[in-house]
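Here's a quick tour of a single chain, written for someone who likes to check contacts by eye. Have the viewer open as you read.

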Amino acid sequence: MLQLKIVSPEKIEFEGDVESVLVPGMLGQFEILVNHAPIISSLDKGRVVYTLPGGEKRTLDIFGGFVEVQKNVVSLCIELIEA
């Protein structure tokens, strides 16, 4: 299981366990799974998709931001696109 924390300038958008996270990297989408190699990457405008335990998928549309992965902890600092 991964620990995911998504932070925007306004608030903590999500914090909890997830099975996977799909993010819009600057060179294309990439998926983060359990035991992913450590990485820090900037994010492009696009959609973040994370899968909760049990398979439910949730999405956030973002203008961009950063992702850090280390020891099954995924931290996203993002700017949301307002609905």
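What follows goes through one serine, an aromatic pair, the nonpolar core and a hairpin.

## Ser20 and its surroundings

Keep in mind that this is a predicted model. Start with Ser20, which sits in strand β3, the stretch covering residues 20-25. Is Ser20 buried or exposed? Its relative accessibility is 9%, and the cut-off for buried is under 20%, so Ser20 counts as buried.

Who does Ser20 touch? Skipping neighbours within four places in sequence, its contacts are Leu2, Glu31, Ile32, Leu33, Val49, Tyr50 and Thr51. With one of these, Glu31, Ser20 also makes a side-chain polar contact of 3.5 Å. If you want a longer-range distance to check, try Ser20 to Val74: the two are 54 residues apart along the chain, and their C-alpha atoms are 9.7 Å apart.

## The aromatic pair

Tyr50, already met as a contact of Ser20, turns up again here. The model has 1 aromatic pair. The partners are Phe14 and Tyr50, with ring centres 4.7 Å apart. Their planes meet at 40°, and because stacked needs under 30 degrees and edge-to-face over 60, the pair is tilted.

Phe14 belongs to strand β2 (residues 12-18) and Tyr50 to strand β6 (residues 46-51), so the pair ties together parts 36 residues apart in sequence. Both partners are buried: Phe14 has a relative accessible area of 12%, and Tyr50 comes in at 4%.

## The nonpolar core

In soluble globular proteins, nonpolar side chains tend to be buried together. Here, the largest nonpolar core has 21 residues. Which residues have the most contacts inside this core? They are Leu4, Val21, Ile32, Tyr50 and Leu76. Several strands chip in: β1 (2-7), β2, β3, β4 (28-32), β6, β7 (57-70) and β8 (73-80) each supply at least two core residues.

Leu76 is a good one to click on. Again leaving out neighbours within four places in sequence, it is in contact with Leu4, Lys5, Ile6, Val7, Val21, Val23, Leu43, Val48, Phe66 and Val67.

## The β3–β4 hairpin

Back to the strand that holds Ser20. β3 and β4 run antiparallel, with 5 bridges joining them. Together they form a hairpin, with 2 residues between the strands. To find the pairing in the viewer, look at Pro24, which stands opposite Gln29 in β4.

Notes: Residues are numbered from 1 along each chain as its sequence is written. This is a predicted model: local features need pLDDT of at least 70, side-chain atom pairs count only at pLDDT 80 or more; totals for chains, interfaces and linings use all residues. Side-chain values use heavy atoms; hydrogens and water are left out. Helices (H or I, at least four residues) and strands (E, at least two) are DSSP runs, numbered from the N terminus. Buried means under 20% relative accessible area, exposed over 50%, partly exposed in between (1.4 Å probe, protein chains only). Contact means heavy atoms within 4.5 Å. A polar contact is a pair of N or O atoms within 3.5 Å; within protein, one must be able to donate a hydrogen and the other to accept it, and residues adjacent in sequence count only if both atoms are side-chain atoms. Rings of Phe, Tyr and Trp (its six-membered ring) pair if their centres lie within 6.5 Å; planes under 30 degrees apart count as stacked, over 60 as edge-to-face and the rest as tilted. A nonpolar core is a set of buried Ala, Val, Leu, Ile, Met, Phe, Trp, Tyr and Cys residues joined through side-chain atoms within 4.5 Å. Two strands pair if DSSP finds at least two bridges between them.
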